[in-house]
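User: Could you give me a close look at one strand in this model, along with its partners and the loop beside it? Once that picture is clear, please set it against the rest of the fold.

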Amino acid sequence: MMGCWILNESLSVTLVLSWLGVNLYLFIDTFCWYEEEESFLYTRVILGSTLAWARASAVCLNFNCMLILLPISRNLISFMRGTSTCCRGPWRRQLDKNLKFHKLVAYGIAVNATIHIVAHLCNLQRYHWSQSAEVQGLPATLSKLGNAPNESYLNPIRTFHTNTITELLTTIAGVTGLIISLALVLIMTSSTESIRQVSYELFWYTHHVFIIFFIGLAIHGAGRIVRGQTPESQLLHNVTFCRDHHAQWQKMAQCPMPQFSGKEPSAWKWVLGPVVLYACERIIRFWRFQQEVVITKVVSHPSGVLELHMKKRNFKMAPGQYVLVQCPSISWLEWHPFTLTSAPQEDFFSLHIRVAGDWTEALWKAFGAEGQALKEPWSLPRLAVDGPFGTTLTDVFHYPVSVCIAAGIGVTPFASLLKSIWYKCESQTQLKLSKVYFYWICHDPKAFEWFADLLLSLETLMSERGKAHFLNYHIFLTSWDENQAVHIALHWDENTDVVTGLKQKTFYGRPNWSNEFRQLAYAHPSNSIGVFFCGPKALSKTLQRMCRLYSSADPRGVHFYYNKESF
């Protein structure tokens with residue numbers, strides 16, 4: 001697991017409907033325009049309605065390509081989250097659904113690209129068919145234009161014997177269209193969850209084919225294959241009258257030969273702004289790459305977790321934020337997200353990285369974590385850190401009651417939160433948050449090692465401050481063997497848990513979420529309760545269903561607000 005930060009589970013209905021509404025408006029408006037515009041009347045004679053299908057899907061494709069880079073502009077998202085004047089309440093929370101929106105827009109690109117490709121393949125066949133000897137009348141006349149001097153062509157397929165595949169591969173539009181299509185297929189297929197889990201590196205590298213995709217998109221329209229009547233020609237050649245007198249063209253004064261030209265490419269206008277913005281993101285990342293990161297401490301935990309303590313000049317963070325990490329000795333291109341496990345009040349920032357892939361395994365070995373002794377600080381590999389970037393975990397402090405649920409290494413964002421609570425309580429800072437329920441479900445007893453110390457210190461402090469009721473935590477161990485069971489039985493202590501060393505006993509098995517939420521609703525009948533989760537999708541769906549099930553229909557009753565992200 002490469003890290004985890006909190007994110008609302010589903011995009012809001014308003015956002016999805018707004019996105020769909022704009023797409024439908026652009027599609028219908030463009031479709032109707034190409035179906036009715038006089039300058040494309042002769043083009044429609046050959047192509048029919050597939051012209052409008054191709055152009056309408058192209059506009060929607062451009063619109064979605066304009067949006068696709070915005071959700072992954074992390075610095076922009078963090079800036080907007082921190083600007084309370086422009087993003088408050090629900091609108092601010094929508095920013096944390098950036099990856100969901102990114103995927104939604106990607107599906108929009110795939111759908112419109114498919115429509116565009118199919119429509120243009122039909123157009124290509126119609127162009128080719130209109131050059132056959134069987135075609136008579138106006139379509140035949142239009143297809144022959146361009147053979148005589150001082151004529152401009154409408155049909156790019158000049159003879160019936162032209163090989164359409166050869167013609168496709170020898171034009172700017174054809175070549176770039178093929179490149180764009182292949183790039184899109186590669187990006188989409190490598191983005192599936194199964195590929196990302198098996199080889200995150202493959203996903204990372206293939207996703208950067210988007211550079212080729214955008215270059216091809218900007219050039220694609222330069223071939224100007226779709227042609228319409230020029231404005232000057234329309235003034236001299238009245239299509240409403242002349243279309244029925246095509247045999248007398250050039251012979252009648254009111255019907256000179258129509259002139260045609262390709263439509264000016266516009267894709268670059270749509271994507272220029274987001275591309276420049278994303279380029280700025282990369283420049284900022286390169287600048288941060290140059291900044292020195294000092295590794296002050298390395299700890300290897302038995303559960304396959306590498307703990308790193310680092311310092312960096314002017315590094316400021318908030319609870320639950322994440323950073324992107326690069327290790328040049330492993331890869332010069334790959335940046336991987338990890339949640340910060342330190343608190344803002346500490347003079348360092350820390351990460352807990354679990355081995356779960358080629359890159360993390362290489363990092364584990366690079367730090368000597370597989371051996372008996374870790375490397376000396378001077379011999380450690382260099383790390384580059386980009387961030388931190390904002391998340392919605394800070395909203396924990398905005399609820400009177402918050403429920404934090406972690407599964408496995410998904411506990412990392414809550415480490416930062418609980419440390420921050422510890423420091424705030426130590427300084428006796430007044431908080432709106434009056435109660436925290438913490439659930440941790442884990443299958444490996446060794447995984448409790450590094451986190452139990454934090455819970456123990458927090459438990460002790462709360463007891464000293466007279467706030468023992470503030471934090472209510474439940475730790476669940478879902479897997480154990482016979483030896484562990486014997487050890488637990490032999491070392492049983494009424495006051496201290498055998499596994500964690502905490503006063504609160506560890507539960508064995510999985511929690512009954514229906515009972516847990518029923519008790520929460522009973523204990524806080526008139527509160528807004530924020531539920532924050534980091535872990536697998538299956539459990540996420542269960543928790544989301546519980547939030548809906550136990551939220552009161554009465555506005556004055558209890559309401560659960562679900563927030564989640566896992567990957």
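Analyst: Happy to! Helices (H or I, at least four residues) and strands (E, at least two) are DSSP runs, numbered from the N terminus. The model is predicted, so to speak of local features needs pLDDT of at least 70, side-chain atom pairs count only at pLDDT 80 or more, and totals for chains, interfaces and linings use all residues. Residue numbers start from 1 along each chain as its sequence is written, and side-chain values use heavy atoms, with hydrogens and water left out.

The strand I have picked is S4, residues 305-312. Seven of its eight residues are buried, so S4 is mostly covered; buried means under 20% relative accessible area, exposed over 50%, and partly exposed in between, with a 1.4 Å probe and protein chains only.

Let us go through its partners, where two strands pair if DSSP finds at least two bridges between them. S4 pairs with strand S3 (residues 293-301) in the antiparallel sense, over eight bridges. In this pairing, Ile 295 stands opposite Met 310. S4 is also joined to strand S7 (residues 349-354) by six bridges, again with the strands running antiparallel. Here Leu 306 of S4 faces Ile 353 of S7 as its opposite residue.

Met 310 is a good residue to zoom in on. This methionine is part of S4 and is buried, at 0% relative accessibility. Contact means heavy atoms within 4.5 Å. Not counting residues up to four places away in sequence, Met 310 touches Val 293, Val 294, Ile 295 and Thr 296, together with Phe 348, Phe 349, Leu 351, Leu 383 and Val 385. One of these, Val 293, is 17 residues away from Met 310 in sequence, yet the two C-alpha atoms are 6.6 Å apart in space.

Now for the loop beside the strand. Asn 314 sits in the loop between S4 and strand S5 (322-326). Where Met 310 is buried, Asn 314 is exposed, with a relative accessible area of 69%. The phi of Asn 314 is near 60°, a positive value in a residue other than glycine. That is worth a second glance because most residues other than glycine have a negative phi, and most peptide bonds are trans. The peptide bond between Gly 387 and Pro 388 also deserves a look: it is cis, with omega about 10°. Pro 388 belongs to strand S8 (residues 384-389).

What else is there in the way of sheets? An open sheet of six strands follows the order S12-S11-S10-S9-S13-S14, with parallel pairing. Strand S12 (507-508) and S14 are at its edges with a single partner strand each, so one side of each has no neighbour in the sheet. S12 pairs with strand S11 (residues 471-477) in the parallel sense, over two bridges. Phe 507 in S12 is the bridge partner of Phe 476.

At the other edge, Phe 560 lies in S14 (residues 559-564). Although S14 is an edge strand, Phe 560 is buried, with a relative accessible area of 6%. Its contacts, leaving aside neighbours within four places in sequence, are Phe 517, Leu 520, Ala 521, Ile 529, Val 531, Cys 547, Tyr 550 and Ser 551. Tyr 550 is 10 residues from Phe 560 in sequence and 7.4 Å from it in space, C-alpha to C-alpha.

The helices have their own packing story. A nonpolar core is a set of buried Ala, Val, Leu, Ile, Met, Phe, Trp, Tyr and Cys residues joined through side-chain atoms within 4.5 Å. The largest one has 30 residues, and Cys 65, Ile 109, Phe 213 and Phe 214 have the most contacts inside it. At least two residues each come from helix H1 (13-36), H3, H6, H9, H12 and helix H15 (267-290). H3 gives the most, with eight residues. Phe 213 touches Cys 65, Ile 109, Ile 180, Ala 183 and Leu 184, with residues up to four places away in sequence not counted.

Stepping back, the protein has 21 helices and 14 strands, and 51% of its 567 residues count as buried. Among contacts between residues at least 6 apart in sequence, 76% join residues at least 24 apart.
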